[in-house]
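Hi everyone, thanks for making the time. I'd like to walk you through a structure that may be new to you, so let's get it up on the screen.

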Amino acid sequence: MNPLAAGRIAGVGRALGSRVVTNRDLELLLDTSDEWISSRTGIRERRFVGEGEDCVSLAVDASRRALSHAGVEGGDVDLVVCATSTAPEAVPSVASQVGEAIGACGVGAMDLGAACAGFAYGAAVAASMLRSGLATTILLVGVDELTSIVDLEDRATSILFGDGAGAVVLEQGDGSSGFVDHVLGADGRFAPLLRAGHPGSPQKLRQNGREVFRFATKIIPDLVEKLLVRNGISLDQVQYLIPHQANARIIQAAVRRLGMPEERVVINVDRYGNTSAASIPISYPDIYDEMEPGRYIITVGFGGGLTWAANLYRI
Ligand code: UT7
């Protein structure tokens with residue numbers, strides 16, 4: 001394999017809810033403890049939206065930062081893709097509102113729903129659009145306001161999630177840097193393991209944590225190995241693995257199975273909790289300046305559906 005790469009990451013940005021909520025804060029509201037949360041999940045704090053913030057404002061803020069980082073104007077963008085499961089309204093899409101806010105009006109804009117795997121799905125869609133020539137500069141956003149679909153009084157779920165957005169500007173480039181391969185998957189037979197209604201719905205997020213945990217620890221190494229084998233590259237050539245940030249224990253177990261040094265595995269769930277479709281793109285600003293041309297990044301998303309997706313990116 002190893003075709004021409006598509007979708008060079010030209011700029012990255014993120015925006016988190018402005019309210020920092022620590023495990024100690026949650027101890028005051030729920031029958032839980034900092035010790036339980038940090039030992040079972042690795043999460044120490046998460047961000048909740050503050051006054052005047054929501055899924056759309058987070059997406060817009062992250063997008064503006066990514067555009068400015070890339071040195072690109074909104075008017076240069078010819079497709080906006082927002083991966084999200086928490087759009088405040090069914091219509092309009094978050095993508096359409098982001099397009100308006102950044103000055104990319106009249107170009108394609110769409111939301112994409114694949115739960116926590118949404119951004120990894122979106123990267124496959126965006127790279128394919130660039131490869132086909134249907135777009136030249138894509139703004140790809142992963143955003144979720146989990147507090148709008150979680151029961152904040154349910155200690156089994158509310159301690160896990162946070163609100164955030166991450167955005168990347170993807171350009172066609174000269175084919176030396178960008179996405180070179182993708183894996184997408186879903187299996188609706190396992191839909192009952194994780195369900196949530198739309199924002200405002202009485203059906204709050206519920207999951208079978210143990211079963212999802214088991215699935216996640218297997219799917220991360222499986223997808224990484226699949227990408228390595230079919231592209232003929234070794235784990236040493238992978239500078240970073242960016243897994244979906246659901247639980248530090250899931251990531252550590254997966255990494256042990258792979259035999260990958262932990263310093264090349266991005267972990268920020270301790271600071272932001274699980275931000276669903278945002279968890280992969282909010283990781284980029286921490287590594288962007290360290291990325292070494294010629295090496296690879298693998299991103300792996302997984303979540304409700306069940307859904308999963310992985311991308312191989314050549315730096
Ligand atoms: O991004 C979407 C994908 N989702 C995931 O990847 C989530 C995957 N699953 C997980 O991360 C873990 O399963 C959890 C962190 C959700 C739960 O950890 P666990 O080790 O599987 O705990 P558990 O659900 O089996 O619960 C163990 C005990 C229970 O008490 P009993 O029945 O043993 O007496 C729970 O009631 O812990 C209790 N518990 C809590 N105790 C204190 C559950 N939540 C809490 C809490 N504080 N917040």
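**Around the ligand**

Let's start with what surrounds the ligand: the residues of that shell divide into 11 nonpolar, seven polar and five charged. Before I go on, please keep in mind that this is a predicted model.

So who comes nearest? Of the 23 residues around the ligand, the nearest are Thr32, Arg40, Arg210, Asn247 and Asn274. Three of those names come back when we look at polar atoms. Take Arg40 to begin with: an N or O atom in its side chain is 2.8 Å from an oxygen atom of the ligand. For Asn247, a polar side-chain atom also lies 2.8 Å from a ligand oxygen. And with Asn274, the distance from a polar side-chain atom to an oxygen of the ligand is 2.7 Å. As for how covered the ligand is, on its own it exposes 970 Å², and the protein buries 74% of that.

What kind of space is it sitting in? The ligand takes up the largest pocket.

Now, which helices help build the shell? At least two residues each come from helix 2 (34-41), helix 6 (155-158), helix 7 (209-231) and helix 8 (248-258). Helix 7 gives the most, with four residues.

**Charged pairs**

Let's move away from the ligand for a moment. In general, side chains of opposite charge can pair when their charged atoms come close. Here the count comes to 13 salt bridges. One I'd like you to find is the salt bridge between Arg8 and Glu171, where the closest N and O atoms are 3.2 Å apart. That pair links distant parts of the chain: Arg8 is in strand 1 (residues 8-16), Glu171 is in strand 7 (residues 163-171), and they are 163 residues apart.

**Backbone oddments**

Last stop, the backbone. Where should you look for cis peptide bonds? One runs from Val91 to Pro92, with omega near 5 degrees. You'll find Pro92 in the loop between strand 4 (79-83) and helix 4 (94-102). Another cis bond joins Gly305 and Leu306, and there omega is about -20 degrees. Leu306 belongs to the loop between strand 12 (296-303) and strand 13 (307-314).

One more for the list is Ala115. It isn't a glycine, yet Ala115 has a positive phi of about 50 degrees. Ala115 sits in a loop too, between strand 5 (108-112) and helix 5 (118-132).

That's my tour, so over to you.

How values were computed: Residues numbered from 1 in each chain as written. Predicted model: local features only at pLDDT ≥ 70, side-chain atom pairs only at ≥ 80, totals over all residues. Heavy atoms only, no water. Near = heavy atom within 4 Å. Polar contact = N/O pair within 3.5 Å; in protein donor to acceptor, adjacent residues only side chain to side chain. Areas by Shrake-Rupley, 256 points an atom, 1.4 Å probe, with all protein chains shown as cover. 1 Å grid on protein atoms, 1.4 Å probe; cavity = no way out; pocket = protein on both sides within 12 Å on 5 of 7 lines; lining within 4 Å. Sits in = over half its atoms within 2 Å of the grid points. Nonpolar A, V, L, I, M, F, W, Y, C, P; charged D, E, K, R; others polar. Salt bridge = Lys/Arg side-chain N within 4 Å of Asp/Glu carboxyl O.
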